[in-house]
Amino acid sequence: MKKKEMIAMLLAGGQGKRLKGLTKSLAKPAVYFGGTYRIIDFPLSNCTNSGIDTVGVLTQYEPLVLHSYIGVGSDWDMDRKNGGVFVLPPHEREDGSSWYRGTADAISRNLKFIDQYDPEHLLVLSGDHVYKMDYTKLLDYHKEKGADCTISVINVTLEEAPSFGMINTHEDLKIYEFDEKPKQPKSTLASMGVYIFKWDVLRKYLTEDIDKPDSESAHDFGKDIVPKMLADDLSLYAYPFQGYWRDVGTIPSLWEANMDLLNDDPELNLNDPEWRIYTRNPNEPAQYIAPNAKLKNCMVNEGCTVYGEVDRSVLFYGVEVGEGSVITESVIMPEVKIGKNVRIHRAIVDQGKVIPDNTVIGADREDDSEILLINGDSPY
């Protein structure tokens with residue numbers, strides 16, 4: 001096997017409990033986003049645009065949709081002779097356990113896959129964030145610093161910091177502490193879940209960690225591997241990322257990220273020909289917008305049929321909106337059928353849901369700060 005300078009391992013096994021019913025039978029990275037895409041399209045497309053042609057996708061929770069969706073990677077231009085996208089489900093350990101115990105354990109159980117490429121560097125990614133990033137710039141920075149590990153970071157507010165792994169650095173951005181979800185944060189630099197490691201260095205730490213009992217290790221990069229590297233005085237640096245990045249792990253954050261796309265000059269441009277976001281599109285008929293329909297500041301995908309009014313909303317493929325219906329500030333997932341004279345305001349409607357005539361969802365609330373999720377458990 002030809003030696004690679006860097007390959008990527010994409011962690012895509014998250015259950016996504018905070019997304020509630022959206023991930024009841026779907027892995028978090030497979031959740032729909034932006035009228036056309038799934039969340040995993042973003043890190044996969046970043047790899048393609050960054051010239052990374054070998055990616056291991058580590059699946060776990062409800063993996064069937066992801067396995068079918070990714071296939072051999074041809075939709076992301078990765079079905080290469082000397083590379084490609086490889087779906088890597090967990091396999092049983094000698095102790096009988098099968099599920100990955102943590103992020104580091106997921107990589108540890110795939111040492112043979114990585115070793116066959118003998119990479120100099122390993123890029124570790126999360127499969128559940130929406131962003132565009134050139135990983136070649138991160139690699140150049142990593143090599144320039146002579147780092148054993150480089151962690152991409154983004155500035156957040158002090159109020160947001162307790163939800164993230166926070167990175168504390170010296171002025172030269174050398175890391176001296178990784179603080180997991182601190183109650184009293186010392187900085188505003190949050191880990192993006194994007195790491196580059198020198199592979200020979202990381203491999204040593206993984207092999208030391210893998211046989212530790214769960215009482216001694218969470219087998220996690222943020223909780224175990226990175227703190228151990230820091231304790232051993234290795235060279236770890238923060239890479240300050242400039243651009244749009246969103247953790248869409250909650251209903252409000254998923255809704256907000258979709259709404260961001262509707263701004264006049266969106267920070268996340270999905271139509272940038274120089275940084276294409278690849279996806280697998282279903283074959284859908286042309287959309288039909290009735291002559292009396294009203295559309296304003298919205299995204300309406302192919303295969304939709306709209307008779308009503310849609311304002312500042314995202315409609316995926318196969319959505320039908322009946323006469324007299326008004327949809328505002330909402331995300332309507334694929335194949336949703338909305339009847340006549342329906343009003344929906346500030347909601348996410350899950351795939352395949354049928355909304356009967358004259359239904360009102362969220363439109364009459366005095367306080368509309370909560371984003372409603374309408375799925376199979378909803379009484380509509």
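I count a charge as sitting over a ring if NZ of Lys or CZ of Arg is within 6 Å of the ring centre and within 35 degrees of the ring normal. The model I am looking at is a predicted one.

**Entry 1. Charges over rings**

I looked up Arg38 first. Its charged end sits over the ring of Tyr69, 5.0 Å from the centre of that ring. I then turned to Lys204 and found its charged end over the ring of Tyr205, with 4.6 Å to the ring centre.

**Entry 2. Aromatic pairs**

I searched the whole structure for aromatic pairs and got 13. For Phe113 and Tyr117 I noted ring centres 5.6 Å apart and planes at 70 degrees, so I entered the pair as edge-to-face. Both Phe113 and Tyr117 are buried.

I next took Phe164 and Trp245. Their ring centres are 6.1 Å apart and their planes stand at 50 degrees, so this pair goes down as tilted. The two residues are 81 apart in the chain, and the pair links distant parts of it. Phe164 belongs to the loop between β8 (149-155) and β9 (165-169), while Trp245 is in strand β13 (residues 245-247). I checked burial for each: Phe164 has a relative accessible area of 16% and is buried, and Trp245, at 11%, counts as buried too.

I also noted one aromatic cluster formed by Tyr32, Phe316 and Tyr317.

**Entry 3. The sheet**

I traced an open sheet of five strands, all pairing parallel, in the order β16-β19-β22-β25-β28. Its edges are β16 (299-300) and β28; each has a single partner strand, so one side of each is left without a neighbour in the sheet. I followed the pairing of β25 with β28 and found three bridges, in the parallel sense. In one bridge, Ala347 has Leu372 of β28 as its partner.

**Entry 4. Helix α8**

How many of the ten residues of α8 are buried? I found seven, which leaves the helix (residues 251-260) mostly covered. The buried ones are Ile251, Ser253, Leu254, Trp255, Ala257, Asn258 and Met259.

I then asked what covers them. The cover includes β2 (32-33), β13, β19 (314-315), β22 (331-332), β25 (347-349) and β28 (372-374). α8 lies across β19, β22, β25 and β28, and I read its angle to β25 as about 95 degrees.

**Entry 5. Asp272**

I located Asp272 in the loop between α8 and β14 (288-289). Its relative accessibility is 23%, and I class it as partly exposed. A polar atom of the Asp272 side chain lies 2.9 Å from the backbone nitrogen of Glu274. I also looked up Asp272 against Cys298: the two are 26 residues apart along the chain, and 18 Å separates their C-alpha atoms.

**Entry 6. Positive phi**

Most residues other than glycine have a negative phi. I therefore looked at Lys20 and Arg346. Lys20 is not a glycine, yet its phi is positive, about 55 degrees. I place Lys20 in the loop between β1 (6-11) and β2. Arg346 also has a positive phi, near 50 degrees, and lies in the loop between β24 (343-345) and β25.

Are these residues buried or exposed? Lys20 is exposed, with a relative accessible area of 57%, whereas Arg346 is buried, with a relative accessible area of 14%.

Conventions:
Residues numbered from 1 in each chain as written. Predicted model: local features only at pLDDT ≥ 70, side-chain atom pairs only at ≥ 80, totals over all residues. Heavy atoms only, no water. Phe/Tyr/Trp six-rings, centres within 6.5 Å; stacked < 30°, edge-to-face > 60°. Buried < 20%, exposed > 50% of the residue type's maximum accessible area, 1.4 Å probe, protein only. Helix = DSSP H or I, 4+ residues; strand = E, 2+ residues; numbered from the N terminus. Contact = heavy atoms within 4.5 Å. Polar contact = N/O pair within 3.5 Å; in protein donor to acceptor, adjacent residues only side chain to side chain. Pairing = 2+ DSSP bridges. Axes fitted to C-alpha atoms, helices over the stretch in contact; angles between N-to-C directions.
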